[in-house]
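User: Please take a close look at one part of this model, a pair of packed helices. Then work outward from there to whatever surrounds the pair.

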Amino acid sequence: MPLSSEADLFDGPVPGQSLTGEMGSKPWEQPPKLNTVDEAVEHYVPMFNDEEILSGILSHIEDGIALTTMADLITKGGVMTGLHSIDVGMMVAPVLVEMMINVADAADIDYKIGTEPKKREGSTKSSIQAALKRGKKKEVVEDTIDLDAMMTTEEMPEEPSMGMMTRRTA
Amino acid sequence: MSKYVRDLYTRVDNEVKASPKKMEPTKGLVGRRGKSSGDDVNPVVDYVKYIRELREGNHAVK
């Protein structure tokens with residue numbers, strides 16, 4: 001749902017509306033078609049032979065999307081269409097990641113699995129110096145602020161109360 | 001759910017790396033559908049191992 005216009009805010013579903021539908025009306029509420037990891041692998045692996053799908057996958061890998069994220073999306077799609085349950089989807093995801101590594105290697109594309117440790121910013125000499133400079137600047141700014149001026153409060157003139165219950169004097 | 005996929009992949013990856021390297025290719029469940037019960041083999045690890053061996057060229061192509 002786009003949040004650009006105010007009118008769209010009131011056009012969305014009411015929270016909990018999805019629970020008011022009839023049981024079994026959604027594909028994921030039906031019995032899954034693929035019940036085991038073997039069946040799910042047999043369904044997904046031929047997908048990598050489809051040229052159209054493969055080029056889409058490779059372009060996403062090139063864009064830097066993590067393979068685990070892509071496997072997650074693919075299996076979620078399977079769950080949404082009632083192909084398999086969410087647990088079979090989870091189990092088949094590592095196999096999909098491995099297949100994507102295969103195709104990325106074959107196409108000579110750099111890939112990101114998504115399990116790599118996050119790089120921490122090293123405390124190099126330059127970063128330490130930059131932090132010290134920032135600290136000095138902050139000190140100078142704090143010194144220039146006149147604290148006395150901040151402490152004085154202007155007295156506000158009292159306005160006569162104009163509530164409904166006030167007695168009219170005039 | 002992506003977080004769980006990452007965790008599961010890390011776990012499977014560690015398991016595959018920890019398993020001893022054999023000269024003969026992994027057979028396991030691959031190509032033997034429905035054999036998961038009774039064979040003390042994790043199907044996910046087995047598939048990942050099989051695909052990895054294929055990539056590394058340590059597998060006879062069927």
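Analyst:

**The crossing of H3(A) and H5(A)**

In this predicted model, the axes of H3(A) and H5(A) approach within 10 Å and cross at roughly 85 degrees. Angles of 65 to 115 degrees count as roughly perpendicular. H3(A) and H5(A) are therefore roughly perpendicular to each other. From H3(A), the contact uses Leu54(A), Ile57(A), Leu58(A) and Ile61(A). From H5(A), Met100(A), Val103(A) and Ala104(A) take part. By class, this contact has seven nonpolar residues, no polar ones and no charged ones.

**The core around the crossing**

The largest nonpolar core holds 33 residues. Those that touch the most other members are Val92(A), Val95(A), Leu96(A), Met100(A), Val44(B) and Val48(B). Met100(A) therefore has two roles: it is in the contact of H3(A) with H5(A), and it is among these core residues. At least two core residues come from each of H2 (37-44), H3 (51-62), H4 (67-80) and H5 (86-106) of chain A. The same holds for H1 (2-18) and H2 (43-56) of chain B. H5(A) gives the most to this core, with 10 residues. In soluble globular proteins, nonpolar side chains tend to be buried together.Val48(B) shows both chains at one site. Leaving aside neighbours within four places in sequence, Val48(B) is in contact with Pro94(A), Val95(A) and Glu98(A) of chain A. On its own chain, Val48(B) contacts Val12(B) and Val16(B).

**The contact between the chains**

The contact between the chains takes 20 residues from chain A and 20 residues from chain B. On the chain B side, H1 and H2 each supply at least two residues. H1(B) gives the most to that side, with eight residues. The chain B side divides into 12 nonpolar, four polar and four charged residues.

**H4(A), packed against H3 and H5**

H4(A) has 14 residues, which should span 20 Å at 1.5 Å a residue. Its end C-alpha atoms are 20 Å apart, which agrees. The buried residues of H4(A) are Leu67(A), Thr68(A), Met70(A), Ala71(A), Asp72(A), Thr75(A) and Gly78(A). They pack against H3 and H5 of chain A, together with H1 of chain B. After H4(A) comes Gly82(A), with a positive phi near 75 degrees.

**The loop before H2(A)**

Gly82(A) also has a partner in the loop between H1 and H2 of chain A. Pro32(A) lies in that loop and touches Gly82(A), Leu83(A), His84(A) and Ser85(A), not counting residues up to four places away in sequence. Pro32(A) counts as buried because it has 20 C-beta neighbours inside 10 Å. Pro32(A) and Thr81(A) are 49 residues apart in sequence, yet 9.1 Å apart in space, C-alpha to C-alpha.

Thr36(A) is placed in the loop between H1 (6-9) and H2 of chain A. With 17 other C-beta atoms within 10 Å, Thr36(A) is partly exposed. Thr36(A) is 51 residues from Asp87(A) in sequence and 9.7 Å from it in space, C-alpha to C-alpha.

**The loop after H5(A)**

Asp108(A) is found in the loop between H5 and H6 (125-144) of chain A. Asp108(A) has a positive phi of about 60 degrees, although it is not a glycine. Most residues other than glycine have a negative phi. Asp108(A) has 6 other C-beta atoms within 10 Å, so it is exposed.

**The two chains as wholes**

Chain A comes to seven helices and zero strands. From the N terminus on, its elements run α-α-α-α-α-α-α. Chain A has 170 residues, and buried residues make up 20% of them. Take the contacts in chain A with a separation of 6 or more: residues 24 or more positions apart account for 68% of them.

Chain B has two helices and zero strands. Of its 62 residues, 27% count as buried. For chain B, residues 24 or more positions apart account for 50% of the contacts with a separation of 6 or more.

To return to the starting point, H3(A) and H5(A) cross at roughly 85 degrees, and H5(A) gives the most to the largest nonpolar core.

Conventions: Residues are numbered from 1 along each chain as its sequence is written. Chains are lettered from A and ligands numbered from 1 in the order in which they are written. This is a predicted model: local features need pLDDT of at least 70, side-chain atom pairs count only at pLDDT 80 or more; totals for chains, interfaces and linings use all residues. A nonpolar core is a set of buried Ala, Val, Leu, Ile, Met, Phe, Trp, Tyr and Cys residues joined through C-beta atoms within 7 Å. A residue is buried if 20 or more other C-beta atoms lie within 10 Å of its own, exposed if 12 or fewer, and partly exposed in between; C-beta atoms are placed from the backbone. Helices (H or I, at least four residues) and strands (E, at least two) are DSSP runs, numbered from the N terminus. Two residues are in contact if their C-beta atoms, placed from the backbone, lie within 7 Å. Ala, Val, Leu, Ile, Met, Phe, Trp, Tyr, Cys and Pro count as nonpolar, Asp, Glu, Lys and Arg as charged, and the others, Gly among them, as polar. Axes are lines fitted to C-alpha atoms, for helices over the stretch in contact, and angles run from 0 to 180 degrees between N-to-C directions. Angles under 35 degrees count as roughly parallel, over 145 as roughly antiparallel, 65 to 115 as roughly perpendicular and the rest as oblique. The expected span of a helix is 1.5 Å times one less than its number of residues.
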